[in-house]
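Reader: I should like a close look at one part of this model, namely the place where its chains meet. Please set it in context with a connected account of the parts around it.

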Amino acid sequence: MKDGQFMTLIDSLIPGLYSFGYALIPDELEAEQLVMDAYSVFVIREDEFIQECELNESRERAKVKRFVQSQICSDMVELASKRAGHLLSLFRRKGEESAFYRLDLHQRSALYLKESLGMTVSMLQEVLVLEKHQVMEALYNGKMLLNEKNTSELRNG
Amino acid sequence: MDELKNQVPGGFSAMVNAYLDGSLTSEKESYVEEIVATNPSASKIFQQRSNERDKIKSLIPHVEITKDSLRTLKREVRDINKNLMKAKKTSIASRISSVLNTTIFEF
């Protein structure tokens, strides 16, 4: 694979990865760091894959893009789960975002990836390393809690 | 007869969710659209699901990346590649040259 082709693919993923990073940890610098660190983990683990994958055909490109995106997102979730405990103050938010940041990490990830990045349930299984029923549960509970918490936020002003 | 016409087919609600996800085949999409257009109960379910989906989407923050962050991240991923991927797959010529400890094209 040519270096330029892979970088074009990564460049196209960066905006979505950054937004996802912000959904995991609501801070611009932390979101940037999350993308960089997850990308490093991915490069170290998948070095051989990166050097050998072919991106000439559009079908191959789509397959590689899906793999790269889900792997990096998966690493981001894992890294965020380790960091979130030290960054609790960032999660105490007010306004419209507060309900979302009161959900747990899997619920937030599942909802964001599905509703904002348009991932399918099978992709969510890859990213979150969960069974299908667990993904469905995270989505369902996430939606219910989001509505509930938003309503109670509005009621409490 | 009207009652029958107003009945919602089994599994319709799940089909609407899949429709809103964009994961239905075009054939099934047309089927949902046809039922929604002709069946008031189905239309009500569709509207309800669609509103719920919009509400959920509006509660999920979507932060657009700034130009500065995009520039930083593009630069960083290139540095990461340079530092972590270098020299893993070297050409046969350079491998032979490293064995011979000389540049094989310089005779």
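Author: Two residues are taken to be in contact if their C-beta atoms, placed from the backbone, lie within 7 Å. The model under discussion is predicted. On that basis, the contact between the chains draws 32 residues from chain A and 23 residues from chain B.

On the side of chain B that touches chain A, the elements giving two or more residues are helix 4 (40-59) and helix 5 (67-84) of chain B. Helix 5 of chain B provides the largest share of that side, with 11 residues. By class, the side of chain B that touches chain A has 12 nonpolar, six charged and five polar residues.

Chain B as a whole may be described next. Its secondary structure amounts to six helices and zero strands, and its elements follow the order α-α-α-α-α-α from the N terminus on. Of the 107 residues in chain B, 11% count as buried. Where contacts in chain B join residues at least 6 apart in sequence, 54% of these contacts link residues at least 24 apart.

The partner, chain A, is assigned two domains: domain 1 (1-91) and domain 2 (93-157). The centres of domain 1 and domain 2 of chain A, taken over C-alpha atoms, are separated by 20 Å. Their contact takes 15 residues from domain 1 of chain A and 15 residues from domain 2 of chain A. On the side of domain 1 of chain A that touches domain 2 of chain A, helix 1 (3-24) and helix 3 of chain A each supply at least two residues. The largest share of that side, seven residues, belongs to helix 3 of chain A. The residues of this side of domain 1 of chain A comprise nine nonpolar, five polar and one charged.

Helix 3 of chain A also takes part in a helix pair. The axes of helix 3 (residues 58-83) and helix 4 (residues 105-115) of chain A come within 11 Å and cross at roughly 150°. Because angles over 145 degrees count as roughly antiparallel, helix 3 of chain A is roughly antiparallel to helix 4 of chain A. The crossing of helix 3 and helix 4 of chain A is right-handed. In this pair, A:Cys73, A:Val77, A:Ala80 and A:Ser81 of helix 3 of chain A meet A:Leu105, A:Ser109 and A:Leu113 of helix 4 of chain A. The contact of helix 3 with helix 4 of chain A consists of five nonpolar and two polar residues, with no charged residues.

Conventions: Residues are numbered from 1 along each chain as its sequence is written. Chains are lettered from A and ligands numbered from 1 in the order in which they are written. This is a predicted model: local features need pLDDT of at least 70, side-chain atom pairs count only at pLDDT 80 or more; totals for chains, interfaces and linings use all residues. Helices (H or I, at least four residues) and strands (E, at least two) are DSSP runs, numbered from the N terminus. Ala, Val, Leu, Ile, Met, Phe, Trp, Tyr, Cys and Pro count as nonpolar, Asp, Glu, Lys and Arg as charged, and the others, Gly among them, as polar. Axes are lines fitted to C-alpha atoms, for helices over the stretch in contact, and angles run from 0 to 180 degrees between N-to-C directions. Angles under 35 degrees count as roughly parallel, over 145 as roughly antiparallel, 65 to 115 as roughly perpendicular and the rest as oblique. A crossing is left-handed if the near helix is turned anticlockwise from the far one by less than a right angle, and right-handed if clockwise. Domain bounds come from an automatic or database domain assignment. A residue is buried if 20 or more other C-beta atoms lie within 10 Å of its own, exposed if 12 or fewer, and partly exposed in between; C-beta atoms are placed from the backbone.
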